[in-house]
Amino acid sequence: MTARPELALVEGFERALINNRLHMVYQPKVRMRDGALTRVEALVRWDDPEFGRVAPSRFVPLAEKHGLIEELTQWGLRTTLRQWLKWRDEGIDTCIAFNISALSLEQLDFPDLVERMCRALDVPTDRLVLELTESATQPLIKLMDTLTRFRIKGIGLAIDDFGAGYSSLMQLRQLPFTEVKIDRFFVNDAVTSKDSRLIVAAIVDLAHGLGLTVTAEGVETREQLQLLLELHCDVVQGYLISHPLEPDGLVDWKRDFRARWWALIEEERLALWSDVEPNPLG
Ligand code: C2E
Ligand code: CA
Ligand code: CA
């Protein structure tokens, strides 16, 4: 994209942000053990009359580059915390996973700001998990102080897109994370590649040894679910479980999902069983 259209897009984004024309959708994450909803991940959406639907992978980096990320983060977090209160009133007391740009972590007072926002809305800080991705230019180890401050306040920390990119097993030991999210490309690859499967198994083992929760993201097929079940992954997220939902869709989804989960798992168990013990008559 040339400079001009990029600038037009940034201006369009800023207008959408100011005029409250962005919105959040929420993707459920469920526990492998019983299919219970453990968290929802908040994902920002921008549908623009001029530009159409613009993907966050396009406009979040632009917001970072043009000094708008702080405003986006604050708007998103406020919107999501308010939504959490509505769900709680409807009987869903879940945790929220919120994506944070590593750039925001460079501000030392950022953990205080997040805590203040939780306090102002009366949302307990232990209901919030921040998802962070490592990039080449911003190694998370440099942000140790800020990460530790979040943990002291009871806010959870997940390392996102783990296995792809720059994150390493060594960091899991050094940094105060509570959750590891295995990247969806890895989850996908593990079905066909023995090497990937071994690596995923090693990540799960190490993470469990360190007391971390392991989430697999981008789970789209039954085959992937079965493999993750065998590898003792704790939490799954992806289109097989649910696409990201509009806020008022969560209650219905939750009501319908438990039955669907047991049907899904039962078939996986049967498939697993028939692999281990071939039918003697067959
Ligand atoms: P992410 O945090 O890794 O989010 C997961 C992305 O995968 C989301 O795309 C989600 O819609 C998509 N996804 C979920 N399940 C599946 C699946 O089964 N298959 C496939 N193919 N995709 C799946 P989305 O919403 O387009 O977000 C892209 C990225 O933009 C996110 O990646 C995150 O890094 C960033 N992002 C999204 N919302 C926010 C936000 O509010 N703030 C910040 N800073 N970044 C955000
Ligand atoms: Ca994420
Ligand atoms: Ca991810």
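This passage describes two calcium sites, a ligand pocket and two further residues in a predicted model.

The calcium ion (ligand 2) is coordinated by four protein atoms, listed here by residue. The donors are Glu-41 (OE), Asn-99 (OD1), Glu-131 (OE) and Asp-160 (OD). Their distances to the ion run from 2.1 to 2.3 Å. Along the sequence, these donor residues follow the spacing E-x57-N-x31-E-x28-D. Distant parts of the chain are thereby linked: Asn-99 belongs to strand S4 (residues 95-100), while Glu-131 belongs to strand S5 (residues 128-132). These two residues are 32 residues apart.

Asn-99 and Glu-131 can also be described by their accessibility. Asn-99 has a relative accessible area of 28% and is partly exposed. Glu-131 has a relative accessible area of 1%, so it counts as buried. The cut-off for buried is under 20%.

The calcium ion (ligand 3) has its own set of protein donors. These are Asp-160 (OD), Asp-161 (OD), Glu-217 (OE) and Glu-217 (OE). Glu-217 thus appears twice in the list. The donors lie 2.2 to 2.5 Å from the ion. Their spacing along the chain is D-D-x55-E. Here too, the site links distant parts of the chain. Asp-160 sits in strand S6 (residues 156-162). Glu-217 sits in the loop between strand S8 (213-216) and helix H9 (222-230). The separation between Asp-160 and Glu-217 is 57 residues. Both Asp-160 and Glu-217 are buried.

The two sites share a residue. Asp-160 coordinates both the calcium ion (ligand 2) and the calcium ion (ligand 3). The two ions are 4.1 Å apart.

Ligand 1 occupies the largest pocket. Several elements each give two or more residues to the shell around ligand 1: strand S1 (22-31), strand S2 (37-48), helix H2 (56-65) and S6. The largest share comes from S2, with 4 residues. The surroundings of ligand 1 comprise 20 residues. Of these, Gln-27, Arg-45, Asn-99, Glu-220 and Tyr-239 come nearest.

Polar side-chain atoms approach ligand 1 at several points. In Glu-220, an N or O atom of the side chain is 2.5 Å from a nitrogen atom of ligand 1. For Asn-99, a polar side-chain atom lies 3.0 Å from an oxygen atom of ligand 1. Asn-99 is also a donor to the calcium ion (ligand 2). Arg-184 places a polar side-chain atom 3.3 Å from a nitrogen atom of ligand 1. Taken alone, ligand 1 exposes 800 Å². The protein buries 82% of that area.

Two further residues complete the description. Thr-125 lies in the loop between helix H4 (110-121) and S5. Its relative accessibility is 18%, so Thr-125 counts as buried. The side chain of Thr-125 reaches the backbone oxygen of Lys-153 at a distance of 2.8 Å. Gly-209 is found in helix H8 (residues 194-209). With a relative accessible area of 65%, Gly-209 is exposed. The cut-off for exposed is over 50%. Gly-209 and Arg-173 are 36 residues apart along the chain. Their C-alpha atoms are separated by 9.8 Å.

Notes
Residues numbered from 1 in each chain as written. Chains lettered and ligands numbered in written order. Predicted model: local features only at pLDDT ≥ 70, side-chain atom pairs only at ≥ 80, totals over all residues. Heavy atoms only, no water. Donors = N, O, S within 2.8 Å, 3.2 Å for Na, K, Ca; no water. Buried < 20%, exposed > 50% of the residue type's maximum accessible area, 1.4 Å probe, protein only. Near = heavy atom within 4 Å. Polar contact = N/O pair within 3.5 Å; in protein donor to acceptor, adjacent residues only side chain to side chain. Areas by Shrake-Rupley, 256 points an atom, 1.4 Å probe, with all protein chains shown as cover. 1 Å grid on protein atoms, 1.4 Å probe; cavity = no way out; pocket = protein on both sides within 12 Å on 5 of 7 lines; lining within 4 Å. Sits in = over half its atoms within 2 Å of the grid points.
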